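Got the viewer open? Here is a short walk through the model, one selection at a time.

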Amino acid sequence: MNDAVTRIGEVRARIARAESEAGRPAGAVTLVAVSKTFDAEAVRPVLAAGQRAFGENRVQEAQAKWPPLRDAFPGIELRLIGPLQSNKAKEAVALFDVIETVDREKIAAGLAREIARQGRTPRLYVQVNTGLEPQKAGIEPRQAAAFVARCREIHGLAIEGLMCIPPAGENPGPHFALLEKLARQADVERLSMGMSGDYETAVAFGATSVRVGSAIFGVRPPLRPAG
Ligand SMILES: *Cc1c(COP(=O)(O)O)cnc(C)c1O
């Protein structure tokens with residue numbers, strides 16, 4: 001069997017065990033396979049094995065990779081998990097089923113405009129910078145609930161969840177707990193949190209989706225410069 005197919009089976013089993021240990025229903029957590037930097041040929045066996053939710057962090061890379069895969073495999077759910085530039089809102093709305101990185105007014109306005117124009121409504125999450133890291137995208141925790149309210153009231157956007165990426169090398173639990181608390185304050189249902197190193201912890205803290213890349217596809221090639 002293909003390595004990625006073997007590994008995704010192991011990840012699914014560990015999620016199921018974490019759900020059960022947390023007293024959560026089986027299937028409560030969606031596994032999003034993060035395929036960034038891996039090409040269509042690497043993704044194909046995982047699709048063939050039944051995985052349907054995928055995460056990509058760059059609009060252009062996803063545009064090049066996914067349309068042919070979409071034609072070949074019905075029911076794909078594509079999620080944007082990387083920063084969105086406001087000049088890419090059009091492409092993002094056209095391509096993605098879920099956009100997890102809404103984090104400022106300009107993006108919210110751009111998405112609202114494109115959603116109205118295209119008649120396509122990707123599901124939306126607000127990214128929260130729980131660690132207040134200057135280099136990281138996301139709204140500050142203390143502004144999160146008010147920002148979700150503005151997305152709804154001013155821009156008419158249906159925000160369904162919050163997303164976070166805890167600081168590398170820190171215990172992720174407090175960040176997941178904070179995101180869960182902010183979701184209750186903001187009145188959103190979904191929590192996108194947990195990656196290869198901490199997805200079981202995230203399940204215990206109430207994640208409704210986890211974003212797992214290297215534990216499925218292996219070590220990523222070094223990052224190319226952003227473009
Ligand atoms: C790359 C990435 C992931 C997956 O990271 P792994 O550690 O490889 O599982 C998850 N979330 C975001 C936002 C990412 O950019």
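How many salt bridges does the count come to? The total is 17 salt bridges. Keep in mind throughout that this is a predicted model.

**Stop one: a covered pair**

Select Lys65 and Glu56 and show their side chains. The two meet in a salt bridge, with 2.8 Å from N to O. Are these two residues buried or exposed? Lys65 has a relative accessible area of 7%, so it counts as buried. Glu56 is buried as well, with a relative accessible area of 0%.

**Stop two: Arg123 and its partners**

Now pick Arg123. This residue is partly exposed, at 28% relative accessible area. Turn on the side chain of Glu77 too: it forms a salt bridge with Arg123, and the closest N and O atoms are 3.0 Å apart. Why does this pair tie together separate parts of the chain? Arg123 sits in strand E5 (residues 123-128) and Glu77 in strand E3 (residues 77-80), so the link spans parts that are 46 residues apart in sequence.

Next, add Glu160. Its side chain meets that of Arg123 in a salt bridge of 3.1 Å, N to O. Here Arg123 is in E5 and Glu160 in strand E6 (residues 159-164), so this pair connects parts 37 residues apart in sequence.

Widen the selection to Glu77, Arg79, Glu100, Arg123, Glu160 and Arg190: these residues are linked in a network of salt bridges.

Stay on Glu160 for a moment. With a relative accessibility of 17%, Glu160 counts as buried, because the cut-off is under 20%. What does Glu160 touch, leaving aside its neighbours within four places in sequence? The contacts are Arg123, Leu124, Tyr125, Val188, Glu189 and Arg190.

**Stop three: strand E6 and its neighbours**

Switch to cartoon and colour E6, the strand that holds Glu160. E6 is mostly covered, with six of its six residues buried.

Which way do E5 and E6 run, parallel or antiparallel? They run parallel, joined by five bridges. To find the register, select Leu124, which stands opposite Ile159 in E6. Then trace E5, helix H6 (residues 141-153) and E6: together they make a right-handed β-α-β unit.

Now look at strand E7 (residues 190-192), which is joined to E6 by three bridges and runs parallel to it. Gly161 stands opposite Arg190 in E7. Following the chain from E6 through helix H7 (residues 173-186) to E7 gives a β-α-β crossover that is right-handed. Arg190 may ring a bell: it belongs to the salt-bridge network from the previous stop.

**Stop four: strand E1**

Move on to E1 (residues 30-34). Four of its five residues are buried, so to speak a mostly covered strand.

Which strands pair with E1? One is strand E8 (residues 209-212), which runs parallel to E1 and is joined to it by four bridges. Select Ala33 and you can find its bridge partner in E8, Val212. Another is strand E2 (residues 53-56), paired with E1 in the parallel sense over two bridges. For this pairing, select Val34, whose bridge partner in E2 is Gly55. The chain gets from E1 to E2 through helix H2 (residues 40-48), in a right-handed β-α-β crossover.

Keep Val34 selected. It lies in E1 and is buried, with a relative accessible area of 4%. Not counting residues up to four places away in sequence, Val34 touches Gly55, Ile81, Arg211, Val212, Gly213 and Phe217. For a distance check, draw a line from the C-alpha of Val34 to that of Ser209: the two are 12 Å apart in space and 175 residues apart in sequence.

**Last stop: the ligand**

Val34 also leads to the ligand, as one of the residues around it. Which others should you show? Select Lys36, Ile81, Met163, Ile165, Met195, Ser196, Arg211, Val212, Gly213, Ser214 and Arg220.

Three side chains from that list are worth labelling with distances:

- Ser196: an N or O atom of its side chain is 2.5 Å from an oxygen atom of the ligand.
- Arg220: an N or O atom of its side chain is 2.7 Å from an oxygen atom of the ligand.
- Arg211: a polar side-chain atom lies 2.9 Å from a nitrogen atom of the ligand.

Conventions. Residues numbered from 1 in each chain as written. Predicted model: local features only at pLDDT ≥ 70, side-chain atom pairs only at ≥ 80, totals over all residues. Heavy atoms only, no water. Salt bridge = Lys/Arg side-chain N within 4 Å of Asp/Glu carboxyl O. Buried < 20%, exposed > 50% of the residue type's maximum accessible area, 1.4 Å probe, protein only. Pairing = 2+ DSSP bridges. Right-handed = clockwise from strand over helix to strand, strands pointing away. Contact = heavy atoms within 4.5 Å. Near = heavy atom within 4 Å. Polar contact = N/O pair within 3.5 Å; in protein donor to acceptor, adjacent residues only side chain to side chain.
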